[in-house]
Amino acid sequence: MSPFLLLLGLTLGLSAASINFTTVFEWDFFEYEWPSEEKKQEASKKGIYYHKTIVPHEHVVYGERVFISIYESKTHPFPYTLTWLPSTASSKSPKLNPYPSWKLQIKGNCKTMQQIKGMVVDVCGRLWAVDNGNETCPAKLWIFDLTEGDSVSLVHQFSNEIVDHAYSSRELNSLVLDERPNDTLAYIHDYESGNLIGFSLKENVSWTIEIQEIHVRCIALSPIKGKEVVYLGSREESELYSVPLSELRMRGANTPLTLTLVGDQKAGSSRMLMDNKGKLYFDLETFNYVGTWDTNRDAQIKEEELYKDERLTHYDFKFNFAFDTCNNFWIMSKDNTKTTNFRLLRAEVGVKSYLYNDLIPPKGKAREIL
């Protein structure tokens with residue numbers, strides 16, 4: 001093979017057949033690190049800590065830390081909703097530490113985090129975390145600076161007009177970031193209302209984007225020139241749609257969105273992610289593998305199998321996944337019906353997340369935040 005073709009192959013990423021996933025950690029059940037035994041016993045007595053029911057919702061990786069949000073519901077609350085563990089831990093099953101501290105995770109205290117779901121780490125080292133709140137506290141968006149002592153950079157509380165303060169009427173999940181030359185925009189999907197929520201970091205304002213044709217469960221952003229779209233997927237349906245980024249940037253204008261049916265997947269999805277070369281990664285609701293679709297190569301959806309877990313038969317909580325900044329792809333494989341319930345795997349794939357694209361050069365120090 002000529003040097004040019006070899007370089008081209010590395011640039012476009014590795015084929016699924018050549019990707020070798022290795023198990024970094026595995027757990028029968030997750031355990032928390034506690035500031036004291038008294039705190040642990042207190043949480044157990046309140047019924048908000050039973051380690052055998054801890055299930056990860058999403059994870060992101062930055063530096064030598066893995067951040068994991070914990071799946072919660074009204075019947076399964078937990079004392080820590082946002083956790084972290086060292087990616088270089090010597091233990092096969094490391095415990096989960098509260099992030100950034102247990103004092104910022106007090107149930108019923110609306111000045112602290114209540115129910116973190118979707119997360120993204122941007123190119124400046126800021127952790128964006130969607131807080132769905134609870135019956136007492138409204139939804140918020142938290143931004144932490146991982147490069148400045150894990151300080152809180154910003155907390156944006158959504159008004160009742162943007163995100164319903166009635167807990168049963170909202171379910172904020174994943175988010176994507178749209179890096180602009182002078183601003184960073186976020187798009188968050190609300191599963192209950194079916195809408196997207198837009199947010200401007202520069203102006204610290206949010207707005208509603210109505211989505212009527214599809215009940216959005218997962219979202220992915222493509223920054224590729226000529227294909228600057230957001231993909232919208234549903235857990236219940238197999239159809240995959242796209243909407244132009246230019247329309248989402250209009251901040252809830254009354255003009256209807258141009259939704260385009262991209263094609264049909266084999267099943268609905270709960271998680272999607274785009275890399276910086278135009279490949280879409282997704283789970284499939286009734287299958288036991290993570291699939292990919294190269295949007296540059298194939299105009300229509302053409303699924304390829306990236307990672308398959310033969311253990312998985314239960315329909316809930318199969319996969320979540322994330323990129324780090326070193327061209328690695330991390331998968332959390334999860335099935336609470338197996339002896340070894342959870343595995344965190346890693347493989348070098350030769351690409352990064354969609355945020356590290358050619359249009360927006362990586363920044364050094366984070367921009368000043370309001």
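Colleague: How many disulfides does the count come to by this rule?

Modeller: The count comes to one disulfide, where a disulfide is a pair of cysteine sulfur atoms within 2.5 Å. This is a predicted model, so local features need pLDDT of at least 70, side-chain atom pairs count only at pLDDT 80 or more, and totals for chains, interfaces and linings use all residues. Residues are numbered from 1 along each chain as its sequence is written, and side-chain values use heavy atoms, with hydrogens and water left out.

Colleague: What makes C110 and C137 a disulfide?

Modeller: The S to S distance of C110 and C137 is 2.1 Å, and the rule asks for sulfur atoms within 2.5 Å, so the pair qualifies. The link is left-handed, with -90° about the S-S bond. C110 sits in the loop between strand 5 (97-98) and strand 6 (116-121), and C137 in the loop between strand 7 (126-131) and strand 8 (140-145), 27 residues apart. Strands here are DSSP runs of E with at least two residues, helices are runs of H or I with at least four, and both are numbered from the N terminus.

Colleague: Why is C137 called buried?

Modeller: Buried means under 20% relative accessible area, exposed means over 50%, and partly exposed is in between, with a 1.4 Å probe and protein chains only. C137 has 1%, so C137 is buried. C110, at 26%, is partly exposed. Two other cysteines also count as buried: C124 at 3% and C218 at 1%.

Colleague: How do you know that E26 forms a salt bridge with K92?

Modeller: A salt bridge is a side-chain nitrogen of Lys or Arg within 4 Å of a carboxyl oxygen of Asp or Glu. The closest N and O atoms of E26 and K92 are 3.9 Å apart, so the pair meets the rule. E26 lies in strand 1 (residues 22-27) and K92 in the loop between strand 4 (82-86) and strand 5, so the pair ties together parts that are 66 residues apart in sequence. E26 is partly exposed at 21%, and K92 is exposed at 54%. E26, K92 and R343 are linked in a network of salt bridges. The structure holds 12 salt bridges.

Colleague: What makes D178 and R249 a salt bridge?

Modeller: Their side chains meet at 2.7 Å, N to O, and the rule allows pairs within 4 Å, so the contact counts. D178 lies in strand 10 and R249 in the loop between helix 3 (245-248) and strand 17 (260-264), so the pair ties together parts that are 71 residues apart in sequence. D178 is buried at 3%, whereas R249 is partly exposed at 22%.

Colleague: How many cavities of 30 Å³ or more does the structure hold?

Modeller: The structure holds two. On a 1 Å grid over the protein atoms alone, a cavity is a set of points where a 1.4 Å probe fits but cannot get out, and lining residues have an atom within 4 Å of a point. Grid points are joined across faces, edges and corners, and a volume is the space filled by probe spheres set on the points. About 260 Å³ lies in the largest cavity. Of its 21 lining residues, the closest to the centre are V60, V120, V121, F323 and S353.

Conventions:
1 Å grid on protein atoms, 1.4 Å probe; cavity = no way out; pocket = protein on both sides within 12 Å on 5 of 7 lines; lining within 4 Å.
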